[in-house]
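This briefing is intended for reading beside the sequence and the three-dimensional view. Its points are grouped by topic.

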Amino acid sequence: MAALLGADEFGFSTAPLIVLGCTLMRKCHLNTCPVGIATQDPILRKKFAGQPEHVINYMFMLAEEVRGYMAKLGFRSMKDMIGRVDKLRPKDRAPNRKPSLLTFDSILYNASAARPEVLAQGGCVAQEFRLEDRVDFKLIEDLRDVIESRKPSAQLSLTIGNKDRAFGSTLSWAISKRHGETGLPEGSISLNLTGHAGQSFCAFLTYGVSIRLEGDACDYVAKGLSGGRVVVVPPASVNKQFASEDNIIVGNVCLYGAVKGIAMFRGQAAERFCVRNSGALAVCEGCGDHGCEYMTGGTVIILGPTGRNFAAGMSGGIAYIYDIGNNFRQRCNKASVDILPVIEPDDLKLLRQVLTEFVAETGSQRAQQVLNNFDEIVGTSFLKVFPHEFQRVLKEAKAKPETYSHLSLQKQSAMSMAARKPLSQMVENQDIDFIGDIDDEENEREDELVKTTVRGFVKYPRAKYQYKEVQSRADSWDEIFNHSDVQRGLRLQSARCMDCGIPFCQSNHGCPLGNIIPRFNDLVFRHQWQMALETLLQTNNFPEFTGRVCPAPCEAACCLGINAPPVTIKDIENTIIEHAFEHGWIAPEIPPSRTGRRIAVVGSGPSGLACAAQLNKAGHLVTIFERNTAAGGLLRYGIPSMKLSKAVVERRVALMEASGIEFRCGVNVGNGQAAAQLLQQFDAICLCTGATWPRDIPVPGRNLNGIHFAMSFLENWQKTQSIEDYGTDLALVAKDKDIVVLGGGDTGVDCLGTALRQGARSLTTFEILPEPPATRSADNPWPQWPKVFKRDYGHEEVKLRFGKDPGIATKEFIDDGNGNVAGVKTCKVNWTKDVAGRWVMSEVPDTEQVYKADLVLLAMGFLGPEKHIVDELNLQCDPRSNIEAVVGSYRTSVPRVYAAGDCRRGQSLVVHAINEGRQAAREIDYHLMGRSYLAGPGAAASRPGRAPSLRSSASQAAAFRTSVGLPGFPANGADEATSSRSEGIAATRWACHRLLTTRAVTSNFSLGNDARYRLRVSLGQSEDSTTRMRQFAKSDATSNRKNWCQAEPPGSTGLRLRSRKRTRRGLGLRIDVVQLLDSHEQGDDSILAREERLQEADVLYLVRVGSVRWVGPLLLVRVGAWAALPPGPLTVSRLLLVSLQFKTPSPFVTGPV
């Protein structure tokens, strides 16, 4: 695209970095790059795995892709493509309206047509760089004797122009080539210049070279300064009235990345002055925005104003600012620095010496003024910018006198103006302990041990005590987790989190819930447990489940896991929620109001519970149907108690019941309870039945006794443990039996752990797939889930008991002669790829073997949901036999029926099920209410609303009318006036209810099939001290808008409403529909008769006053004490109003309003 538009050169920056291993962590300025790219730390540098071949391969593949495009366009070379705008055209279909407003005629104009006599193709004219004519080459020849040490020093005077770029850089190269980094002795080469210097003046200037310029310079002056000395002053010929301190003398990005040397500018520097300076001394009379950004060392003195964002990311060095305008504190980025007065003796001595030399070098009048009144000006107007990290290093180094003496050299070197070594060089050979040595301080309190997260991932090892010791847990049904030790070491583990700029742990490859992991890791480190809990619960309803049974894809995607053990995120998550339960922070979440909507959730597994919890938060009435005798589904009956205690499940179910969720256990929807009936009784159904149809194995002998599905085995034992007098099926008990488990997944591991505790004689597990590698293969890069060989808790326990690690394709089940299984005939297999790249299994000859077996458990996964509900509701299924639902909306082929969890996506993880349940709840809430405030993926903001339609939910409208005692809509043919009045009353009540429960400001409602009665309801809001009502009523010229509305039609007592006091915007109210007053049934004194009720409850009223037959209808919501209601003009104080208007004049509003 760029070539077609005319570009003949292309730059690459980010892409090659990523090819070399960059993960875009965005911590380059902290020297903590986990892949060893943006760091000089020797430990981290060892982690760099990039190779030149990686970049070469990337560029080669890029070139191949470009060649493909060139072939499609008919070009043989890049040169032919340049400027061929005739091959470009704007897209016909813009993704939104804005691009359609753009005109591309100018950018697509062919340059050759404008100037046909000029050759516009790149490379048509050979470039003559004339490098041999550069001033630096002449300087090298003139200074050859000094460079080669045949002469001690030399001094030259030259005139320079702005075409002379990078002046002094080649000279420095010649010196460094011969003398190395140390350069020449100070004062060896002195150059006096006049004129206007070009870009990169004195870039990388080395030791022994001193350059003084009378004039000005462009951008990048002294970039990468490496020991030289640069002075820039205005020409001597300028008017004596010229104020150098008010004029810019050098351009942008001066001293970028400077490491050593001195730079003095009499005048202001432009933007980004001393960015990433790590050791140079710089003086100027003012600078632009972003000064000293990411500075890590050196000393900067600015005798004048600075721009915005000064010292952003500054972690080392010191800056002294002459705050003339008293506005520096507002312009400084104080996130990483302190602003202090200049009172230390060392600081005062340093300032005086540097300013004295600055005056001698440049003749600066401003510096001379400071020296003339040094004590007064420095005491009142100078500020010291001192980075937090530098302060910490100095404080910790005081305990090590040798190290502290080296650190102090920075100030000493600046004072003497002779020693040129920056802080980074002074401490590079010193073993500064930034965090503390764990090995030497194991007995100290953790709070004293762990003081910072900086480099925590380098200093602290990953904990390996998540589980109890194998010996102590193998015979126990208690949880296998070592909760106490995990909690004691949690702060140290949270310090290992790198707080990545792009946290892959919560990306698509990481946590499916989008948990805000770096945030709660940091809060745990800071002991802010309640905030950590709030952060965790934003995205996860049940951390106590995921913290125990989730395989932690977040840890697999952790940036630290690229080349080191990842952060123990799962342990941190589980400890946060358990800590909250211990302190009583977890309570039932009862919604402040109910919507009247009823939703049925079929299945009480993780997805069903999550869906119900979210819908309950939105105020809906939720009923969960569970076919077993207790709620929990997979969590209760599929996962063994030593992995997930059933007390944890019962604790959560009890909380949900207390929050208003109804559980109906023992109800098998689709096989006993008709699913079609639920559609009539509920506004929506969400199917969360899981994928419970197990995969079978079609081999000879499959019908023998003693061969069972794994879930039957696990469920039988969980019911035995939790239900008194449960009739345990002894055929499904492993005691004193030889057990064979087919399948090596999580279910197979749970079978091993359960059978071991039941007292199995022997345990063997088969896995038909080949053993994965010990480390990631080339086709399984980070941050994908690592397909590596690992041992779970069950494997460890079996190995301890039987002395082998259980771990072949099954060919046949052996019969004992009585119809029972006696063994399993197996053979080894090879896996190879065919020509299409698909894996093909083949038997290995002469590898048959028979394993003794009394009980065979099939744990080979699941094929999808059971078909009872699917067949009854005639739901469409996908090719994998799962319920087909629209991606992102979870709607099935049947209206008002949704599906989430394993029944929709297939066999998966608990964390995926919870995420699906949460998002399905959000979609249900949106489709029922017109908008949703439930959290989206990663706690995303609420989904924007749409205007709900009464017609779209007639069953709910009828249920609502019944609940408040309203009659149904009149039948066709009824008297128009009576019909209109009944519809108006019902619609008013319904519309106001919908408005308040959906939190909408404006809603539209359809009323039956009659287009005349399309209602618009608006909620009045408060603004400052004046409360205004939108679309209240049309009034005549006597209306007073300041007091909302006044209307006193002739011949009536009228209606007068006004606001007397302020009310806050967004005041939350609980609204209960109590009664509508019918003016045809009540007399004129009805308002007074109802005054007492008005004071007792919040009510909705349809008000009649005087001779006006109907006013409104109006919704009056009491928010405070009601004033007296006289029979004349009605005055009510402190009101929040909702008005209702008809599209056409209402037949029952007869008087003017």
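Arg652 is placed in helix α29, which covers residues 646-658. The coordinates described here are those of a predicted model. The points below begin with this arginine, proceed to the nonpolar cores, and then take up the surface and the backbone.

**Arg652 and its surroundings**

- Arg652 counts as buried because its relative accessibility is 10%, and the cut-off for a buried residue is under 20%.
- Beyond its neighbours within four places in sequence, Arg652 is in contact with three phenylalanines, namely Phe542, Phe545 and Phe581.
- The other contacts of Arg652 outside that sequence window are Asn541, Glu544 and Ile577.

**Nonpolar cores and helix α36**

- In soluble globular proteins, nonpolar side chains tend to be buried together.
- The largest nonpolar core in this model has 75 residues, and the members that touch the most others are Ile576, Met656 and Ile924.
- Helix α36 supplies the largest share of this core, with 8 residues.
- Apart from this core lies another one of 57 residues, which includes Met295, Phe310, Val337 and Leu383.
- Helix α36 runs from residue 910 to residue 929 and has 20 residues.
- From first C-alpha to last, α36 reaches 29 Å, which is close to the 28 Å expected at 1.5 Å a residue.
- This helix is mostly covered, as 20 of its 20 residues are buried.
- When residues up to four places away in sequence are not counted, Ile924 touches Ile599, Cys611, Leu615, Ala684, Cys686 and Tyr898.
- Gly930 comes just after α36 and takes a positive phi of about 90 degrees.

**Arg905 and helix α35**

- Arg905 belongs to helix α35, formed by residues 902-905.
- With a relative accessible area of 29%, Arg905 is partly exposed.
- Arg905 and Arg880 are 25 residues apart along the chain, and 9.1 Å separates their C-alpha atoms.
- Arg905 touches Arg880 and also Asn882, His912 and Glu916, with residues up to four places away in sequence left out of the count.

**A nonpolar surface patch**

- Met1, Leu5, Leu102, Phe104 and Ile107 make a nonpolar surface patch of about 510 Å².
- Phe104, one of these residues, lies in the loop between α5 (78-81) and α6 (111-114).
- The relative accessible area of Phe104 is 33%, so this residue is partly exposed; patch members must have over 30%.

**Backbone features in loops**

- Most residues other than glycine have a negative phi, and most peptide bonds are trans.
- The peptide bond that joins Trp782 and Pro783 is cis, with omega at about 10 degrees.
- Pro783 is located in the loop between β20 (762-766) and α33 (793-802).
- Asp499 is a residue other than glycine with a positive phi, near 50 degrees.
- The loop that holds Asp499 runs between α21 (490-494) and α22 (517-525).
- Asp499 has 42% relative accessibility and therefore counts as partly exposed.
- His527, also a residue other than glycine, has a positive phi near 65 degrees.
- His527 is placed in the loop between α22 and α23 (529-537).
- His527 counts as partly exposed because its relative accessibility is 42%.

Notes. Residues are numbered from 1 along each chain as its sequence is written. This is a predicted model: local features need pLDDT of at least 70, side-chain atom pairs count only at pLDDT 80 or more; totals for chains, interfaces and linings use all residues. Side-chain values use heavy atoms; hydrogens and water are left out. Patches are made of residues with over 30% relative accessible area and no salt bridge: like charges are joined within 9 Å, nonpolar side chains (Val, Leu, Ile, Met, Phe, Trp, Tyr) within 5 Å. Accessible areas come from the Shrake-Rupley method with a 1.4 Å probe; for residues, only the protein chains shown count as cover. A salt bridge is a side-chain nitrogen of Lys or Arg within 4 Å of a carboxyl oxygen of Asp or Glu. Helices (H or I, at least four residues) and strands (E, at least two) are DSSP runs, numbered from the N terminus. Buried means under 20% relative accessible area, exposed over 50%, partly exposed in between (1.4 Å probe, protein chains only). Contact means heavy atoms within 4.5 Å. The expected span of a helix is 1.5 Å times one less than its number of residues. A nonpolar core is a set of buried Ala, Val, Leu, Ile, Met, Phe, Trp, Tyr and Cys residues joined through side-chain atoms within 4.5 Å.
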